[in-house]
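Work through the following exercises with the sequence and the coordinates side by side, and try each task before reading its solution.

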Amino acid sequence: PAEMREPLLERCDASLKRVVECLEPRYVLGVGRFAERRVNAALADMDLTTGMVPHPSPANPAANQGWGEAMSRALAAVGIQLP
């Protein structure tokens, strides 16, 4: 239900922040736009690079065409270069 959504998201954001504090990554990337928004909301006060990589959605076969190239572009956009 809608009234439970915000408290759930707050708890998820707090958990993500604790994990990031423990692991101390340089990058945190959301898989898809929704996850990217949650990453940015939860980690706004932290000094790290955030971004988004495409979500390979089984519900949208078009989203999976050229997914590898799209992933490489998304990683490059945040400064991650693959060999």
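Contact is taken here to mean heavy atoms within 4.5 Å, while helices (H or I, at least four residues) and strands (E, at least two) are DSSP runs, numbered from the N terminus. The model is a predicted one, in which local features need pLDDT of at least 70 and side-chain atom pairs count only at pLDDT 80 or more, whereas totals for chains, interfaces and linings use all residues. Residues are numbered from 1 along each chain as its sequence is written, and side-chain values use heavy atoms, with hydrogens and water left out.

**Exercise 1. Describe the overall architecture of the protein.**

Step 1. Begin with the secondary structure: the protein has 3 helices and 2 strands, and from the N terminus on these elements run α-β-α-β-α.

Step 2. Turn to the extent of the chain, whose C-alpha atoms fill a box of roughly 35 × 30 × 15 Å along the principal axes.

Step 3. Consider burial, where buried means under 20% relative accessible area, exposed over 50%, and partly exposed in between (1.4 Å probe, protein chains only). Of the 83 residues in the protein, 24% are buried.

Step 4. Finally, look at the contacts with a separation of 6 or more, of which 36% are between residues 24 or more positions apart.

**Exercise 2. Determine which side of helix H2 is buried, and what that side packs against.**

Step 1. In H2, which spans residues 33-42, the buried residues are Glu-36, Val-39 and Ala-42. They lie on the same side of H2, because they cover an arc of only 135° around the axis, the arc being that of the directions from the helix axis to the C-beta atoms.

Step 2. A general rule is useful here: an α-helix has 3.6 residues a turn, so residues three or four places apart point the same way.

Step 3. The other side of H2 has Arg-33 and Arg-37, which are exposed.

Step 4. The packing partners of the buried residues of H2 are helix H1 (2-23), strand E1 (27-31) and strand E2 (49-53).

**Exercise 3. Explain why two acidic residues, Asp-13 and Glu-36, count as buried, and list their contacts.**

Step 1. Asp-13, found in helix H1, counts as buried because its relative accessibility is 14%. Leaving aside neighbours within four places in sequence, Asp-13 is in contact with Arg-38, Ala-41 and Ala-42.

Step 2. Glu-36, in helix H2, is buried because its relative accessible area is 18%. With neighbours within four places in sequence again left aside, Glu-36 contacts Gly-30, Gly-51 and Met-52.

**Exercise 4. Identify the largest nonpolar core and follow one of its members.**

Step 1. A nonpolar core is a set of buried Ala, Val, Leu, Ile, Met, Phe, Trp, Tyr and Cys residues joined through side-chain atoms within 4.5 Å. The largest one has 6 residues, namely Val-20, Val-28, Val-39, Ala-42, Leu-43 and Leu-48.

Step 2. Among them, Val-39 touches Leu-16, Val-28, Gly-30 and Thr-50, when residues up to four places away in sequence are not counted.

**Exercise 5. Repeat the analysis of sides for helix H3.**

Step 1. In H3, residues 67-77, the buried residues are Met-71, Ala-74 and Leu-75. Their arc around the axis is only 95°, which puts them on the same side of H3.

Step 2. The face turned away from this buried side carries Arg-73 and Ala-77, which are exposed.

Step 3. The buried residues of H3 pack against E1 and E2.

Step 4. After H3 comes Gly-79, whose phi is positive, near 95°.
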